[in-house]
Amino acid sequence: MKVSLIMGSDSDFPIIKPTVDLLKQFGIESEVTVASAHRTPDKVRELVQTANERGVGAFIVGAGAAAHLAGVVASYTVKPVIGIPINATPLLGLDALFSTVQMPSGVPVATMGVNGAKNAAIFAAEIFAVTDSTIRDKLVAYREKMKEDVEKKSARVNAQL
């Protein structure tokens, strides 16, 4: 299984890149495409409708402004869709957040926080970990490392007192 990452613009890539990096760390393959819900809707539909042929098990979709992309993707599939609202306007990503999270009943998008790329990758890994023990073990190790890192930071702070 792999994750299809779709972003509305190439300017979203700096936000999306940590998602790709973290998926690799968990051993999950990904593909990255720029496609627009408004400017290239046929491309979006084709990407989603051919997902099975490419081995896609979930979508991570990042978009700013009106941010309808994740909802459009979700309208074409029953695979998990994880939205990343991107801060791309003077509204600081709130427009993208509302557009991504406010889906009608029956067409859900799991919405991360604004620019929440890492959480999107972790959530996708958690979905795959339900049936893949290797990914599950990597997630457990990732969480353990986070705990160790917090303890190191605490020790550094206390050393300055």
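**Notebook: Glu31, helix H1 and two positive phi angles**

I began with Glu31, which I found in strand E2; the model I am reading is a predicted one. I asked whether Glu31 is buried or exposed. Its relative accessible area comes to 15%, and because buried means under 20%, I entered Glu31 as buried.

Next I looked up what surrounds this residue. Leaving aside neighbours within four places in sequence, I listed Lys2, Val3, Ser4, Leu5, Arg54 and Val56 as the residues in contact with Glu31. Ser4 deserved a second look, since I found that it stands opposite Glu31 in E2, and that the side chains of Glu31 and Ser4 are joined by a polar contact of 3.0 Å.

I then turned to the strands themselves. How do E1 and E2 pair, and over how many bridges? I noted the parallel sense, with six bridges. Together with H1, the strands E1 and E2 make a β-α-β unit, and I recorded its hand as right-handed.

The helix of that unit was my next entry. H1 covers residues 13–25, which is 13 residues, and I noted a reach of 18 Å from its first C-alpha to its last, close to the 18 Å expected at 1.5 Å a residue. Which residues of H1 are buried? I wrote down Ile16, Thr19, Val20, Leu22 and Leu23. For the background to such a pattern, I reminded myself that an α-helix has 3.6 residues a turn, so residues three or four places apart point the same way.

I also checked what the buried residues of H1 pack against, and the list holds strands E1 (2–7), E2 (29–34), E3 (56–64) and E4 (81–86), together with helices H6 (117–129) and H7 (133–159). Just after H1, I came upon Gly27, which takes a positive phi of about 80°.

That glycine led me to look up positive phi values in other residues. Ala65, a residue other than glycine, has a positive phi near 60°, and I located Ala65 in the loop between E3 and helix H4 (69–75). With a relative accessible area of 30%, Ala65 is partly exposed.

Asn115 was my last entry of this kind: its phi, too, is positive and near 60°, again in a residue other than glycine. Where does Asn115 lie? I placed Asn115 in the loop between strand E5 (110–111) and H6, and I noted that Asn115 is partly exposed, at a relative accessible area of 33%.

Notes: Residues are numbered from 1 along each chain as its sequence is written. This is a predicted model: local features need pLDDT of at least 70, side-chain atom pairs count only at pLDDT 80 or more; totals for chains, interfaces and linings use all residues. Side-chain values use heavy atoms; hydrogens and water are left out. Helices (H or I, at least four residues) and strands (E, at least two) are DSSP runs, numbered from the N terminus. The expected span of a helix is 1.5 Å times one less than its number of residues. Buried means under 20% relative accessible area, exposed over 50%, partly exposed in between (1.4 Å probe, protein chains only). Contact means heavy atoms within 4.5 Å. Two strands pair if DSSP finds at least two bridges between them. A crossover is right-handed if, with the strands pointing away from the viewer, the path from the first strand over the helix to the second runs clockwise. A polar contact is a pair of N or O atoms within 3.5 Å; within protein, one must be able to donate a hydrogen and the other to accept it, and residues adjacent in sequence count only if both atoms are side-chain atoms.
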